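Colleague: I'd like to learn how to read packing and ring pairs in a model. Could you walk me through one?

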Amino acid sequence: YQIEFALSELPHFYALSKFAISRAGANSIMELAALQIPSLLIPLTKKYSRGDQIANARSFEKHGLSITLEEHNIIGNNLLSSLRLLQEKAPYFKENMKNFFPANSSEKICEIILQTWQNTFISHLYIRK
């Protein structure tokens, strides 16, 4: 089902999804990984972007999180073959997505921020003396 823009409905669409075909913007693919939705990523080409979506898609594929199909390769049966492969590898992708995000990442980020702040504050005190 294709729609132009879905902000308030997006959580419902994700909840109903077994798979996704998506561009490879950083926010979108991180949401898919966090929700453990196996995906076929079709990044924007360098003609229409800086190339970051291509790098994102390749990185996710390298880490066993998704399949990448570049636009110029959507010919013949490539799309159907990619979708079959996505269905076949879905359990593998889901398992990898479970381990993709570090455990207790929020706590780790807070610890880094506090440690950095403390080091900066202490350094600042020594400099002022």
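Modeller: Let's go from the core to the aromatic rings, keeping in mind that this is a predicted model.

Colleague: Fine. Which residues touch the most other members of the largest nonpolar core?

Modeller: The general idea first: in soluble globular proteins, nonpolar side chains tend to be buried together. Here the largest nonpolar core has 14 residues, and Leu40, Leu41 and Phe60 touch the most other members. The elements that give two or more residues to this core are helix 2 (26–34), strand 2, helix 3 (52–62) and helix 4 (78–98). Helix 4 supplies the largest share, three residues.

Colleague: Strand 2 is on that list. Where does Ser39 sit, and is Ser39 buried or exposed?

Modeller: Ser39 belongs to strand 2, which covers residues 39–41. With a relative accessible area of 3%, Ser39 counts as buried, because the cut-off for buried is under 20%. Leaving aside residues up to four places away in sequence, Ser39 touches Ala20, Leu32, Ser66, Ile67 and Leu86.

Colleague: Back to Phe60, then. What does Phe60 touch, not counting residues up to four places away in sequence?

Modeller: On that count, Phe60 touches Ile29, Met30, Ala33, Leu41, Leu65, Ser66 and Phe100. Phe60 is buried too, at 8% relative accessible area.

Colleague: Phe100 catches my eye. How many aromatic pairs does the structure hold?

Modeller: A pair of aromatic rings is described by the distance of the centres and the angle of the planes. The structure holds three such pairs. One of them joins Phe60 and Phe100, edge-to-face, at 5.5 Å centre to centre with 65° between the planes. This pair links distant parts of the chain: Phe60 is in helix 3, while Phe100 is in the loop between helix 4 and helix 5 (105–128), 40 residues apart. Phe100 is partly exposed, with a relative accessible area of 28%.

Colleague: And why is the pair of Tyr92 and Phe93 called tilted?

Modeller: Look at the angle. The planes of Tyr92 and Phe93 lie at 50°, with the ring centres 5.8 Å apart, so the pair is tilted. Under 30 degrees would count as stacked and over 60 as edge-to-face. As for exposure, Tyr92 is partly exposed at 45% relative accessible area, whereas Phe93 is buried at 1%.

Colleague: Which residues form one aromatic cluster with Phe60?

Modeller: Phe100 and Phe101 do; together with Phe60 they form one aromatic cluster. That brings us back to the core, where Phe60 is one of the residues that touch the most other members.

Methods: Residues numbered from 1 in each chain as written. Predicted model: local features only at pLDDT ≥ 70, side-chain atom pairs only at ≥ 80, totals over all residues. Heavy atoms only, no water. Helix = DSSP H or I, 4+ residues; strand = E, 2+ residues; numbered from the N terminus. Buried < 20%, exposed > 50% of the residue type's maximum accessible area, 1.4 Å probe, protein only. Contact = heavy atoms within 4.5 Å. Core = buried A, V, L, I, M, F, W, Y, C linked by side-chain atoms within 4.5 Å. Phe/Tyr/Trp six-rings, centres within 6.5 Å; stacked < 30°, edge-to-face > 60°.
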